[in-house]
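Thanks for coming, everyone. I'll put the structure up and then go through it chain by chain.

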Amino acid sequence: MIASGIKRGTAELAVLSVLESGALHGYEIARRIEQRTKGSLRFTLAALYPMLYRLEKQKWIRGEWETSPAGRRRRCYRLTPAGKKRLAPLRGEWSELFAALHRLAGVSNA
Amino acid sequence: MPDWQKLVRQKLRGIALDHDDVAQVVEELAAHLEEDFQYSLAAGATEQVATSHALQHVRNWHDLKSKIESSRKQELPVNKRVSQFWFPAVLTLLLTMVLLEVVQFYGPNPWVTPIPGGPNPLRMTPVAVVYGQQNCSCRRLRDGHFDENGNQSVIGQCHGRIR
């Protein structure tokens with residue numbers, strides 16, 4: 001597991017990245033991140049929702065209530081054009097950081 | 001199965017958001033807990049274990065409440081005020097600067113005069129500026145209007161007479 005201090009910095013990138021492929025509700029976002037990182041990144045409800053609300057306030061994601069075929073109401077989040085625009089430089093910044101860490105301490109992003 | 005909405009509403013009691021906002025947050029968090037609960041049940045956990053697993057998501061409800069408050073609240077009032085008033089404020093400042101220049105260029109020029117029988121006007125420190133049209137009168141300044149050298153002075157634009 002990654003320490004919470006490091007994880008906090010990556011959370012924004014993680015959420016925006018999983019929403020790039022389509023709209024998801026909160027629980028799905030948490031599950032998708034956990035699956036794609038093979039359990040290295042896990043978001044509890046307490047960590048996820050304040051961040052989702054903050055990203056929504058920044059207009060990088062948009063939440064809308066939807067009803068599933070089973071009749072369950074879920075708030076689904078999708079990436080906004082501003083969020084897509086934000087994602088590219090964010091990826092660049094992280095790649096740069098990994099490259100710097102690789103040069104410094106042999107940390108690889110592969 | 002626990003009533004997740006009731007539980008979340010109880011835990012978030014007193015949250016500083018408007019009623020609709022609270023209802024949405026409660027519904028959303030309850031849905032998340034319920035999904036987690038159902039997932040654990042599907043994975044073979046007992047109802048008790050599934051409930052406790054779902055509840056492990058939030059160790060500190062008070063902390064979550066304040067995080068949700070700050071992340072859902074709109075801009076702080078001071079920011080809103082700044083965004084509403086910065087343009088009128090800058091415009092007023094610019095107009096004031098322009099008007100000051102105009103007044104200094106075209107406006108009345110102060111008339112400096114010594115008190116009759118007073119000291120050398122070149123050594124005087126102005127203590128008052130008086131603008132006037134016709135028949136204005138400048139009273140002799142009384143106690144407390146002397147400069148540090150003990151000089152007394154009046155500056156005014158008077159077309160009338162000084163008493």
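At what angle do the axes of helix α1 and helix α2 of chain B cross? Roughly 125°. Before I go on: this is a predicted model, so every value here is computed from it.

Back to the two helices. In chain B, α1 covers residues 4-11 and α2 covers residues 19-42. Their axes come within 8 Å. An angle of roughly 125° makes α1(B) oblique to α2(B). The cut-off for roughly antiparallel is over 145 degrees, and roughly perpendicular runs from 65 to 115, so this pair falls in the oblique class. As for handedness, α1(B) passes α2(B) in a right-handed crossing.

Which residues meet there? From α1(B), take B:W4, B:Q5, B:V8 and B:R9. From α2(B), take B:V26, B:E27, B:L29, B:A30, B:L33 and B:E34. By class, that contact has six nonpolar, one polar and three charged residues. The polar one is B:Q5. The charged ones are B:R9, B:E27 and B:E34.

Now chain B as a whole. The chain has five helices and three strands. How are they ordered along the chain? From the N terminus on, the run is α-α-α-α-α-β-β-β. So the five helices come before the three strands. Chain B has 163 residues, and 15% of them count as buried. On contact range, take the contacts in chain B with a separation of 6 or more. Residues 24 or more positions apart account for 61% of those.

Next, chain A. Here we have four helices and three strands. The order from the N terminus is α-β-α-α-β-β-α. Chain A has 110 residues, and buried residues make up 24% of them. For contacts between residues at least 6 apart in sequence, 45% join residues at least 24 apart.

What order do the strands of chain A take in their sheet? The order is β1-β3-β2, in an open sheet, and the pairing is antiparallel. The edge strands are β1 and β2 of chain A, and each pairs on one side only.

Let's take the two pairings in turn. Strand β1 of chain A is residues 24-25, and this strand pairs with β3(A) over two bridges, in the antiparallel sense. One bridge puts A:L24 with A:Y77. In the other named pair, A:H25 stands opposite A:C76 in β3(A).

Strand β2 of chain A is residues 61-67. How many bridges link β2(A) and β3(A)? Seven, again antiparallel. Within that pairing, A:W65 stands opposite A:R75. β2(A) and β3(A) also form a hairpin, with five residues between them. In the turn, A:G71 has a positive phi of about 90°.

Last, where the chains touch. The contact takes 13 residues from chain A and 15 residues from chain B. Which elements give two or more residues to chain A's side? They are α2 (26-36), α3 (45-57) and β3 (73-79) of chain A. The largest share comes from α3(A), with seven residues. By class, chain A's side has six nonpolar, two polar and five charged residues.

To recap, β3(A) turns up in two places. That strand pairs with β1(A) and with β2(A). β3(A) also gives two or more residues to the side of chain A that touches chain B. That's it from me; questions welcome.

How values were computed: Residues numbered from 1 in each chain as written. Chains lettered and ligands numbered in written order. Predicted model: local features only at pLDDT ≥ 70, side-chain atom pairs only at ≥ 80, totals over all residues. Axes fitted to C-alpha atoms, helices over the stretch in contact; angles between N-to-C directions. Parallel < 35°, antiparallel > 145°, perpendicular 65-115°, else oblique. Left-handed = near helix turned anticlockwise from the far one by under 90°. Contact = placed C-beta atoms within 7 Å. Buried ≥ 20, exposed ≤ 12 C-beta atoms within 10 Å, placed from the backbone. Pairing = 2+ DSSP bridges.
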